[in-house]
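Reader: Please take one close look at the side-chain pairing in this model. Go through the charged pairs, then the rings, then the nonpolar packing. Keep it brisk.

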Amino acid sequence: MGLLTSLLTLPVAPVRAVVWAAQRVEEKAKDEYYDPAPVWRELADLERRLLKGEIDEDTFDRREDELIDRLTEIAEFRQQIP
């Protein structure tokens, strides 16, 4: 960018900074939301709770289905990323 262009676009610099920051926040949120590790940990914890008798079979089955659906959603999202 030349000096003239920099001077002319200076008034919108704060807007560009806010847009850049918002994009970084969105990327971080997506990274956390589509991270399969917490889902796998919750599945392991769910199985542990079932084996200890803390939850019943129906509760386990219902929550396991939800977590597997979540892992499927994560896998589909990750396949879309180039």
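Author: A helix here is a DSSP run of H or I with at least four residues, and helices are numbered from the N terminus. The model is a predicted one.

Start with the charged side chains. Side chains of opposite charge can pair when their charged atoms come close. The count of salt bridges comes to nine. One of them joins Asp 45 and Arg 48, with N to O at 2.5 Å. Asp 45 and Arg 48 are three residues apart in helix H3, so about one helical turn separates them. Asp 45 has 32% relative accessibility, so it counts as partly exposed. Arg 48 is partly exposed too, because its relative accessibility is 35%.

Arg 48 has another partner. It forms a salt bridge with Glu 54, where the closest N and O atoms are 3.8 Å apart. That distance still passes, because the cut-off is 4 Å. Glu 54 counts as partly exposed at 48% relative accessibility; the upper limit for that class is 50%.

Now move to helix H4. Arg 63 and Glu 66 form a salt bridge there, and their closest N and O atoms are 2.6 Å apart. Both residues lie in helix H4, three residues apart, about one turn of the helix. Glu 66 is partly exposed, with a relative accessible area of 38%. Arg 63 is partly exposed as well, at 28% relative accessibility. Elsewhere, shared partners link salt bridges into one network of Asp 45, Arg 48, Arg 49 and Glu 54.

Next, the rings. A pair of aromatic rings is described by the distance of the centres and the angle of the planes. The count of aromatic pairs is two. Tyr 33 and Tyr 34 have ring centres 4.9 Å apart and planes at 90°, so this pair is edge-to-face. Tyr 33 is partly exposed, because its relative accessibility is 44%. Tyr 34 is at 15%, so it counts as buried.

Tyr 34 also pairs with Phe 77. Here the centres are 3.7 Å apart and the planes 10° apart, a stacked arrangement. Tyr 34 sits in the loop between helix H2 (13-33) and H3, while Phe 77 is in helix H4, so the pair ties together parts 43 residues apart in sequence. Tyr 33, Tyr 34 and Phe 77 form one aromatic cluster.

A charged group joins the picture at Tyr 33. Arg 70 lies over the face of that ring, at 3.8 Å from the ring centre.

Last, the nonpolar packing. Tyr 34 is also a member of the largest nonpolar core, which has 10 residues in all. The other members are Val 39, Leu 43, Leu 46, Leu 50, Ile 55, Phe 60, Leu 67, Leu 71 and Ile 74. Helix H3 (37-52) and helix H4 (57-80) are the elements that give two or more residues to this core.

Ile 55 shows the local contacts. Leaving out residues up to four places away in sequence, Ile 55 touches Leu 46, Arg 49, Leu 50 and Phe 60. Among these contacts, Leu 46, Leu 50 and Phe 60 belong to the core. Arg 49 belongs to the salt-bridge network.

Terms used. Residues are numbered from 1 along each chain as its sequence is written. This is a predicted model: local features need pLDDT of at least 70, side-chain atom pairs count only at pLDDT 80 or more; totals for chains, interfaces and linings use all residues. Side-chain values use heavy atoms; hydrogens and water are left out. A nonpolar core is a set of buried Ala, Val, Leu, Ile, Met, Phe, Trp, Tyr and Cys residues joined through side-chain atoms within 4.5 Å. Buried means under 20% relative accessible area, exposed over 50%, partly exposed in between (1.4 Å probe, protein chains only). Contact means heavy atoms within 4.5 Å. Rings of Phe, Tyr and Trp (its six-membered ring) pair if their centres lie within 6.5 Å; planes under 30 degrees apart count as stacked, over 60 as edge-to-face and the rest as tilted. A charge sits over a ring if NZ of Lys or CZ of Arg is within 6 Å of the ring centre and within 35 degrees of the ring normal. A salt bridge is a side-chain nitrogen of Lys or Arg within 4 Å of a carboxyl oxygen of Asp or Glu.
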